[in-house]
Amino acid sequence: MLHIRGAADLDESQLQTLTIVTRVASTLSAIGVVTIIGTYCVSKHFRNPMHRLIVINAFYNALDVVCTMISTSGPDAGNTSALCQFQGFLNQMFPVADVLWTLAMAINVYLIVHHSYDVGSLKRLEWKYMVVISIVTFIPAFVFLFISTEENGPMYGSVTLWCAIAPKWVLFRIVIYYVPIWSSILITIAIYLFVGMEIARRRRILRSMSSNMHGPAMEEDTIPAATGSDSCGNSTSVAADYDETQPTSSSVDESHTSVSNKYYAASTTRVATANTSSLSFRQYILMPLFFFLALLLVWVAPSTNRVAAFVNPSFSSYPLLLMVGITGSLRGFWNGIVFVVVGMRSWKRRKESDEMALQPVTAVQGRL
């Protein structure tokens, strides 16, 4: 969220509009947060490590919603009021935490693709992420509550939309707020570019191997893991098992049973291989990537306004301030949309893949 130079030159009608817009957007974010937590609790299909990080971040988003829901009531109460100081604390801690959780998702993607981290390994990282993010964001936000000088007043004060680091403390605002946020965003971009190049390299290798071995084409919705050759081995062994099984007149039943068992074992292996040697693109890459794109959308207006105010101290734009209020208050809403829409598509895709993998069993049973 952007915090401009004190109270902008706005009339009562414009201030009222800002209040209504930010609170409506905050209500949508609250619905998004409840949707994320509720979906995770109700559906077992939203339980992978990426989903868990998003759910943890949803609790941070909930407190961010509290901040934006207070809206202009914080500045109206006065810079030294408890409400304004509380809103400033929330505004300093939780938007930064949201960016850091998005970075944590990108780190998980990197660890999955480059170091073959499994579910257990990723779960063991969750409490470390939580401790680091909470400490890094809480300490400065808490310390700023006690900083005040006769010349500049309290560090948290009115910035029109809400309370945050006051304009007279602008250097702290840049160093403690915008630098960590954009540093995290740039690191996240670098991670996704690095991961994207690695995924493209593995796809080329696997396609080449599949073509040479006349094996099945790789699904577009999967990412070959570091040990992708195992999946090719399993596929060829399925064909070999089937070809070697020839029925004889003296043991037709035994032969049929053997074929059925081998098909079942091969199909089961194929399902297991799909789950262990290949990564779901939507679950492990697309979802955190969309969260990152939503994050960029949130920070475009605030950063634009901040740069403009830096270049021209007299700069003031009500439409841009309105965009800051809207985008800054919709964080939880966009997270909820991405969580449900991408998650549902991933679940449907996985269900279709599992059904296709089990088709040979049905075919053999039909012949029996």
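Which residue caps the N-terminal end of α1? Aspartate 11 does the capping, with a side-chain oxygen 3.1 Å from the backbone nitrogen of serine 13. The model you see above is a predicted one, and this report walks through some of its parts.

## The whole chain

Let's start with the overall picture. The protein chain has 368 residues, and 48% of them count as buried. Its secondary structure consists of twelve helices and six strands.

How does the chain meet itself? Take the contacts between residues at least 6 apart in sequence: 77% of these join residues at least 24 apart. On the outside, the chain exposes about 17,700 Å², and carbon and sulfur atoms supply 66% of that area.

## Helix α1 and threonine 39

Now back to the helix from the opening question. Helix α1 covers residues 12-42. With 31 residues at 1.5 Å a residue, α1 should span 45 Å, and its end C-alpha atoms are indeed 45 Å apart, so the expected and computed values agree. The buried residues of α1 include Leu18, Ala25, Val33, Ile36 and Tyr40.

Threonine 39 is also part of α1. Is threonine 39 buried or exposed? Its relative accessible area is 19%, and the cut-off for buried is under 20%, so threonine 39 counts as buried. Leaving aside residues up to four places away in sequence, threonine 39 touches Phe46, Phe339 and Val340.

## Helix α2 and the turn after it

Helix α2 runs over residues 49-70, which makes 22 residues. From its first C-alpha to its last, α2 reaches 33 Å, close to the 32 Å expected at 1.5 Å a residue. Along the way α2 bends by about 25° at phenylalanine 59. Most of this helix is covered, as 16 of its 22 residues are buried.

Both ends of α2 have something to show. At the N-terminal end, asparagine 48 acts as a cap, placing a side-chain oxygen 2.8 Å from the backbone nitrogen of methionine 50. Just after α2 comes serine 71, in the loop between α2 and α3 (73-77). Serine 71 has a phi near 55°, a positive value in a residue other than glycine. With a relative accessibility of 0%, serine 71 counts as buried.

## A second positive phi

Threonine 160 also takes a positive phi, about 75°, although it is not a glycine. Where does threonine 160 sit? Look in the loop between β3 (156-158) and β4. Threonine 160 has a relative accessible area of 6%, so it is buried.

## The disulfide and other cysteines

A disulfide is a covalent bond between the sulfur atoms of two cysteines. How many disulfides does this structure hold? There is one, formed by cysteine 84 and cysteine 163, with their sulfur atoms 2.0 Å apart. The pair links distant parts of the chain: cysteine 84 belongs to helix α4 (residues 82-115), cysteine 163 belongs to strand β4 (residues 163-165), and 79 residues separate them. Why is this disulfide called left-handed? The torsion about the S-S bond of cysteine 84 and cysteine 163 is about -110°, so the disulfide is left-handed. Cysteine 84 and cysteine 163 are both buried.

Cysteine 67, in contrast, is in no disulfide; the nearest cysteine sulfur belongs to cysteine 163 and is 8.8 Å away. Cysteine 67 has 0% relative accessibility and therefore counts as buried. Cysteine 41 has a relative accessibility of 53%. Since exposed means over 50%, cysteine 41 counts as exposed.

## Leucine 111 in helix α4

Our last stop is leucine 111, which lies in helix α4. A relative accessible area of 12% makes leucine 111 a buried residue. Which residues does leucine 111 touch, not counting those up to four places away in sequence? They are Ser116, Tyr117, Leu125 and Tyr129.

Leucine 111 can also be compared in position with valine 195. These two residues are 84 residues apart along the chain, and their C-alpha atoms are separated by 9.6 Å.

Key. Residues numbered from 1 in each chain as written. Predicted model: local features only at pLDDT ≥ 70, side-chain atom pairs only at ≥ 80, totals over all residues. Heavy atoms only, no water. Helix = DSSP H or I, 4+ residues; strand = E, 2+ residues; numbered from the N terminus. Expected span 1.5 Å × (residues − 1). Bend = angle between axes of the 7 residues up to and from the residue. Buried < 20%, exposed > 50% of the residue type's maximum accessible area, 1.4 Å probe, protein only. Polar contact = N/O pair within 3.5 Å; in protein donor to acceptor, adjacent residues only side chain to side chain. Contact = heavy atoms within 4.5 Å. Areas by Shrake-Rupley, 256 points an atom, 1.4 Å probe, with all protein chains shown as cover. Disulfide = S-S within 2.5 Å.
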